[in-house]
Amino acid sequence: MRNNLPSSATIQSVIDDATAGAGVSLVTGMPQGVSLDDLQLTDNLADAGFSTIEVMSLSTNGGLVLNQNFDGVSDLELISSGGIAAEQSEVITLSVQYTPDFAQARWNECASQYDLLNQTELSARASNVDVADLSDNGTNAAPSDTNGEGGVDDPTPVSFPSPPGGLDIVKTAVAGPNGICPIFADGVQGDGPALAVKVGDVVTYCVTVQNSGPVLISNVIVTDAQAPGVIVLNDLSAGETDTTSYDVQVDLSTPLLNTATATAEDVSGPIQPVQDTAHRYPQREYLADPLGLQGRRGLHHKHQGREQPGGQQRDAGHYLVCKDHQRRQCCTDQRALRRSRYR
Ligand SMILES: [Ca+2]
Ligand SMILES: [Ca+2]
Ligand SMILES: [Ca+2]
């Protein structure tokens, strides 16, 4: 802040960007030194992007009495009393601590950083004339100086880096074809209970990706060996989800447990990929005779998902054999049963 009202020039010529109070004419004579009285600096720090805005210190290198109750939100006036003599300067230093509130939408909207704009308004009286000015971004208080860019009343930007993006995924198997996919919150995290299917059935695999962070994520891609190809989802704002699904007709080579992976980017680049699985099991799968029992009807093995209840005899004429990672256990049981029945 500088009083640019000298004793050797007209006020009109030096306060180019000052504003006269309503109904008041500016002095156009040759004043012999004009002081700025009834000085006030008004600075509104309020910004919805922050949970707290705390004034840490307020000081001056001159004789102005500052308002130590200034908080920039409910009390916006920096000066309690004092004036500045003609052609004198005084520097007021305000230190503020901002705590971002990433839950606010404006963080989601910022492209690469969040620019907080600050501007201080000066009001005073000079020779009983109301004068006012808005701060310019820079260090030169001369009213006609643009400080190297723009005009003479440019707000001062303070840049805050964007927070990192977040990514979450859930994959769920439901009965197909064209099964109805659950919303993200209702999806099955992890393997979950196995979906009962038999060879020839169609399973719908649902993959939902959620932006669990505060900022926009883009280039959202789902990959899954069971999917028909790489799937590109919509860009996601904070909290948004997008779902893709694909039908798979179960045959003997269809994996029981399968994993989908999601990748995405925030403004800083790739986000840590995330994965989730979906699980199905063969309710009744009729395999070729792996144990050389062809023709020996009447022996069955029933596979109940992860449980291995052991062989059970039935009257139907096929061998039921599990084909997942528990196959060894199934086969052992079958051999035991075979021995007990055919020995
Ligand atoms: Ca400027
Ligand atoms: Ca200005
Ligand atoms: Ca899952």
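Guide: Two strands count as paired if DSSP finds at least two bridges between them, and with that rule in hand we can begin to read this model, which is a predicted one.

Visitor: How many bridges join strand β7 to β8, and in which sense do the two strands run?

Guide: Strand β7, residues 120-126, is joined to β8 by six bridges, and the two run antiparallel. To follow one of these links, start at S123, whose bridge partner in β8 is A132.

Visitor: Which strands make up the sheet that holds this pair, and in what order?

Guide: The sheet is open and has three strands, in the order β1-β7-β8 with antiparallel pairing. Its edges are formed by β1 (36-43) and β8 (129-134), each of which pairs on one side only, while the twist from one strand to the next averages 15°.

Visitor: What helices and strands does the protein have as a whole, and what percentage of its residues is buried?

Guide: The protein has three helices and 20 strands, and 27% of its 343 residues count as buried. Among contacts between residues at least 6 apart in sequence, 67% join residues that are at least 24 apart.

Visitor: Which residues of the largest nonpolar core touch the most other members?

Guide: A nonpolar core is a set of buried residues of certain kinds, joined through C-beta atoms within 7 Å. Here the largest one has 30 residues, and those touching the most other members are V203, Y205, V207, V209, I217, V220 and A262. Elements that give two or more residues to this core include β6 (113-118), β10 (168-175) and β16 (257-266), and β12 gives the most, with five residues. Because domain 1 (11-161) and domain 2 (168-282) both give residues to this core, it lies between them.

Visitor: Leaving aside neighbours within four places in sequence, which residues are in contact with V203?

Guide: With those neighbours left aside, V203 is in contact with A173, G176, L195, V197, V248, V250 and R280. There is also a second, separate core of 11 residues, among them V34, L36, L78 and I84.

Visitor: Where does pLDDT stay under 50?

Guide: Where pLDDT is low, the predicted coordinates should not be read in detail. The protein averages a pLDDT of 77, and 72% of its residues score at least 70. However, pLDDT stays under 50 over residues 7-31, for which the model has 46 contacts beyond four places in sequence, and also over residues 285-343, for which it has 69 such contacts.

Note on methods. Residues numbered from 1 in each chain as written. Chains lettered and ligands numbered in written order. Predicted model: local features only at pLDDT ≥ 70, side-chain atom pairs only at ≥ 80, totals over all residues. Buried ≥ 20, exposed ≤ 12 C-beta atoms within 10 Å, placed from the backbone. Helix = DSSP H or I, 4+ residues; strand = E, 2+ residues; numbered from the N terminus. Domains from an automatic or database assignment. Contact = placed C-beta atoms within 7 Å. pLDDT = per-residue confidence, 0-100. Axes fitted to C-alpha atoms, helices over the stretch in contact; angles between N-to-C directions.
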